[in-house]
Structure formats: C-alpha cells, structure tokens
Amino acid sequence: MSDIKKSIELGKRISELKEKVLETSLKMSRSGLSPATWGNVSAKDSESGLIVITPSGIPYEKIHPKDLCVVDLEGNIVDSKWKPSTELPTHLIFYRNKSWINGVVHTHSIYATAFAALQKEIPVVVATLASGVGGSVPCAPYTKSGTEEFAKVALDAMGDKTAVLLGNHGVVSIGSTLDDAYTVAELVENAAKIYHIALTAGKPNILSDEEAKKIREKYLTKYGQK
C-alpha cells in the first residue's frame, strides 16, 4: 500500500474516531454521568496508536469534531488547536500499559463518586458488575488530579479490572472499544446506586471473588454472538 493511501486511510479512521468521541462525550454529559465540562473521553486508533481525546474546559455542546485533540502515546500533540484534557496523563498510562484497550472514559457520576468520597470499593452486589468489570470496583487513594502520580495510582489500583474509583474524584473505565468503556461506566454507576439502596434496606449479599470470576469468564466467552 502506498504512503499516500495509508495517509488517506489513517485520516479517515481518525475522523471517524473524532465523531465517536464527541458522540460519547455528549451522551456522557446528557446522561448525568458527568456535569458541566467535567469528565473526559478518548479513543485510540489501534493501527497507528494515535489517540483522540476531548479538549480541556470546552462545553461538550459547543464542541465540533474538529475541536478534538489528536496525540500520540507520548502525549505529543499531532493535531489540535486546543489543549487536551488535563487528565491526558491518566488516559495515556492506561493505553501504554493495557495494549488491548481502545477506549477510556472518565466520569464524575454521583453514586459511584460518593463511594470514591468514602474511599470505599463497590463490591459485586449485582452479577452485571462482575460481567463488565471483572469483580468489585477498587478505589484508589486521593491524589492530586492531572498529574503523573494520579495516573499511576489509578492504574495500580485498577489492577486487572476494567474500572477504578478515584479517591474523592470520580471514575475511570476502560474497554476494547469506546462503546465498551462507556458501558462499563454505566454499569459502575448502576451498581453504586443499587449498593446504596441495598445498604439502606439491610445487609446486601456480596458475591464471592470466585463467583465473580465465573461470571466474568462466561461473559467473555459466551455472551452475545460469540
């Protein structure tokens, strides 16, 4: 394939990713998973390693696909007239250390963030959490956001799960696609709501780690059209 054709195809893929990132950002904002301009979304082109991420501090309703930022895995700006999200280091550390992922979503959803404020994990109170996250949602200790330390603490706390609570801050979810990452963010918030309601009614039954692993394995191998 000629270099010109490769460049055209890359441009097309990046353009499609920009549309997808904007669509997901608007959905995140309108659903209440993140208020105002808080939260951020990114997607990676698996072939080139280039990442499309939301710009810093611009209301999602006012963003056009051309306003989205394109960076490489080192955080160098490839195409952008705006500053990328201040949480770029967090997105980058997940892409660098989990090569299978192609989407990262950072929300400030109310119920999940309430548990982050308590520095308390969300246990497996519903099977869907085990399916999507792989077990309980761990909580990283509070660290100043937008820093390399913040990113490392989040990565370490997440372990082999697909979501992590950020102490006194919010939630990060990941996926093999951006759609998957967003679905995980929804599952986390839903589980947090259910856990909160269950706690007010009595003592919730928590599924064991062993059962959570079985549910996750079934989801990965048999769910959908697999």
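**Close-up views of a predicted model**

**View 1. The largest pocket.** The largest pocket holds about 390 Å³ of space. The model shown here and in every view is predicted. The lining of this pocket comprises 18 residues. Ser-131, Gly-132, Asp-180, Arg-216 and Tyr-219 sit nearest the pocket centre. Four elements each give at least two residues to the lining: helix 4 (127-133), strand 8 (170-175), helix 6 (178-201) and helix 7 (209-222). Sorted by class, the lining has seven nonpolar, seven polar and four charged residues.

**View 2. The second largest pocket.** This pocket has a volume of about 200 Å³. Its lining is made of 15 residues. Nearest the centre are Thr-37, Trp-38, Gly-39, Asn-40 and Thr-86. The class count for this lining is three nonpolar, 11 polar and one charged.

**View 3. The annotated domain span.** An unreviewed UniProt entry places the feature "domain: Class II aldolase/adducin N-terminal" at residues 19-196. Helix makes up 38% of this span and strand 17%. The C-alpha atoms at the two ends of residues 19-196 are 35 Å apart.

**View 4. Helix 1 and its packing.** Helix 1 covers residues 3-31, a run of 29 residues. From first C-alpha to last, helix 1 reaches 42 Å, close to the 42 Å expected at 1.5 Å a residue. The buried residues of helix 1 are Ile-14, Leu-17, Lys-18, Val-21, Leu-22, Thr-24, Ser-25, Leu-26 and Met-28. These buried residues pack against five strands and one helix: strand 1 (40-44), strand 2 (51-53), strand 3 (69-71), strand 4 (77-79), strand 5 (103-107) and helix 6. Just after helix 1 comes Gly-32, with a positive phi of about 90 degrees.

**View 5. Ile-8, a residue of helix 1.** Ile-8 lies in helix 1. Is Ile-8 buried or exposed? Ile-8 counts as exposed because its relative accessible area is 58%, and the cut-off for exposed is over 50%. Ile-8 and Pro-89 are 81 residues apart in sequence. Their C-alpha atoms are 29 Å apart in space.

**View 6. Helix 2 and Thr-90.** Helix 2 is mostly covered, with eight of its 10 residues buried. The buried residues are Leu-88, Pro-89, Thr-90, His-91, Leu-92, Ile-93, Phe-94 and Tyr-95. They pack against strand 1, strand 2, strand 3, strand 5, helix 5 (148-158) and strand 8. Thr-90 is found in this helix, which spans residues 88-97. Thr-90 counts as buried because its relative accessible area is 3%, and buried means under 20%. Leaving aside residues up to four places away in sequence, Thr-90 touches Phe-150, Ala-151 and Val-172.

**View 7. Leu-207, between two helices.** Leu-207 is in the loop between helix 6 and helix 7. How is Leu-207 classed at 27% relative accessibility? Leu-207 is partly exposed, because 27% falls between the 20% and 50% cut-offs. Leu-207 touches Val-124, Ala-127 and Ile-215, with residues up to four places away in sequence not counted. Leu-207 and Ile-51 are 156 residues apart along the chain. The C-alpha atoms of that pair are separated by 36 Å.

Technical notes. Residues numbered from 1 in each chain as written. Predicted model: local features only at pLDDT ≥ 70, side-chain atom pairs only at ≥ 80, totals over all residues. Heavy atoms only, no water. 1 Å grid on protein atoms, 1.4 Å probe; cavity = no way out; pocket = protein on both sides within 12 Å on 5 of 7 lines; lining within 4 Å. Points joined across faces, edges and corners; volume = space filled by probe spheres on them. Nonpolar A, V, L, I, M, F, W, Y, C, P; charged D, E, K, R; others polar. UniProt positions renumbered as here; feature names shortened; annotations may be inferred. Expected span 1.5 Å × (residues − 1). Buried < 20%, exposed > 50% of the residue type's maximum accessible area, 1.4 Å probe, protein only. Contact = heavy atoms within 4.5 Å.
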